[in-house]
Amino acid sequence: MIIFSIETSCDETSTAILQADDHGFKILSHKVFSQIDTHTQFGGIVPEVAARLHVPKILPLIDETFKEAQLSSTDIDAIAVTGGPGLVTALIVGIHTARMLSYIWDKPLISVNHMEGHVMSGLLSHGKDEIEFPALCMTVSGGHTELVLIKSWGEYEIIGQTRDDAVGECFDKVAKMLGLPYPGGPQISRIAGLATEPVEFTPPMMHTDNFDFSFSGLKTSVLYYVRNLEKENNVLTEKQKANIAAGFENAAVKVLVHKTKRALQAYSIKSLFIGGGVAANKTLRSELTQLIEKHTSCTLYIPQMSYCTDNAAMIAMAGYFKAKNKDYISPSVIKADPTWTIGTEQEQ
Ligand code: KG4
Ligand code: ZN
């Protein structure tokens, strides 16, 4: 089966073509245009700008994707597009493009949940569908921090989530406090590597009897720490910044890994996935790898770096499973659902 996919839920315009069957998966072509240089000037994503920038990019990107795969529209079996969650005006650009192509090319249309895409990104890197259930995914991005129980592909339950800020959002805000550009995650990670004495911040919600997270208190602790230092010596030194970044990263990673470890035990998890932009974080990847080395009954599926941040390859992967079940949507009915929760029906 060949799936063509489109992703425009935030600030990446992305298209991909996936070839998949019961033996394995292969990405035949994958294109990503990142708008990050534009949004960096504003210190964060500006939704209306994101939507507008998708418009001139989407058709040339589709053209390039088919050329690279050496395929034409008649070769594909279905079109998958991100239906939500995300920025509504940005989602609409991808959805309208996909529904028009579905109509003109006479190909079935699939609406994919963006968070399900992130869950599947580790599977995409694995290349085949031979995994053991129950599985768990820690989805950590700029908008979400979720522990998702995967009973089978397509059957999800959120067992824990953030009660306030998403962890990626927190990385971005701490970076801003340290005078680092958007997106903050990679910047924090880079300077944390230069730390000599990481500051000891308390990891939040370590001792609560659930799988939820909270990051706003940690963000506030960093803010007060920075303000106090600035009172003393006005401008932070590079060394101080590195120690703060490492301390924040350590505390955030510690609670993510701790709650994951508890969930592995509570649900007898056999396969662990991570997804979302923060899954690119080296400390998080290495701590989870060490955790799984001790949990020999569980296999870890880490996505390659290019599948951590938003991309259409993961949307094609999730679309494939829906196509197998003929879970299609009419082009005249599909709508953007900016708050669509994984494991639930899309709002129509
Ligand atoms: O999944 P994603 O591309 O977009 C959303 O759906 O939100 O995630 C973007 C987030 C940003 O907050 C960014 O700072 C964070 O992922 N991020 C990282 C790293 N790379 C990206 N956070 C920590 N460490 C990284 N290396
Ligand atoms: Zn995302």
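The following questions and answers concern a predicted model and the reasons for the terms applied to it.

Q: Why is Q70 called exposed?
A: The relative accessible area of Q70 is 72%. Exposed means over 50%, so Q70 with its 72% is classed as exposed. Q70 lies in the loop between α2 (47–69) and β4.

Q: What makes the phi of Q70 worth stating?
A: Phi of Q70 is near 55°, which is a positive value in a residue other than glycine.

Q: Why does S268 count as partly exposed?
A: S268 has 46% relative accessibility. Buried means under 20% and exposed means over 50%, with partly exposed in between; S268 at 46% therefore counts as partly exposed. S268 is placed in the loop between α8 (238–266) and β9 (271–275), and its phi, near 45°, is a positive value in a residue other than glycine.

Q: What makes the contact between G142 and ligand 1 a polar contact?
A: A polar backbone atom of G142 is 2.8 Å from an oxygen atom of ligand 1. A polar contact is a pair of N or O atoms within 3.5 Å, and the pair at G142 therefore qualifies.

Q: Which backbone atoms of G168 and G185 lie at what distances from ligand 1?
A: For G168, a backbone N or O atom lies 3.1 Å from an oxygen atom of ligand 1. For G185, a polar backbone atom is 3.0 Å from an oxygen atom of ligand 1. The cut-off is 3.5 Å, so the pairs at G168 and G185 are polar contacts too.

Q: How much of ligand 1 does the protein bury?
A: Taken alone, ligand 1 exposes 550 Å², and the protein buries 88% of that. The space that ligand 1 takes is the largest pocket.

Q: Which elements give two or more residues to the shell around ligand 1?
A: These elements are α4 (114–126), α5 (167–177) and α6 (184–192). Ligand 1 is surrounded by 19 residues, the closest being G142, D172, G185, G277 and N281.

Q: How do the residues of the shell around ligand 1 divide by character?
A: The shell holds five nonpolar, twelve polar and two charged residues. Gly counts among the polar residues.

Q: Where are the cis peptide bonds that precede P85 and P183?
A: The peptide bond from G84 to P85 is cis, with omega near -5°, and P85 is placed in the loop between β4 (78–84) and α3 (88–105). Y182 and P183 are likewise joined by a cis peptide bond, with omega about -5°; P183 is in the loop between α5 and α6.

Conventions. Residues numbered from 1 in each chain as written. Chains lettered and ligands numbered in written order. Predicted model: local features only at pLDDT ≥ 70, side-chain atom pairs only at ≥ 80, totals over all residues. Heavy atoms only, no water. Near = heavy atom within 4 Å. Polar contact = N/O pair within 3.5 Å; in protein donor to acceptor, adjacent residues only side chain to side chain. Areas by Shrake-Rupley, 256 points an atom, 1.4 Å probe, with all protein chains shown as cover. 1 Å grid on protein atoms, 1.4 Å probe; cavity = no way out; pocket = protein on both sides within 12 Å on 5 of 7 lines; lining within 4 Å. Sits in = over half its atoms within 2 Å of the grid points. Helix = DSSP H or I, 4+ residues; strand = E, 2+ residues; numbered from the N terminus. Buried < 20%, exposed > 50% of the residue type's maximum accessible area, 1.4 Å probe, protein only.
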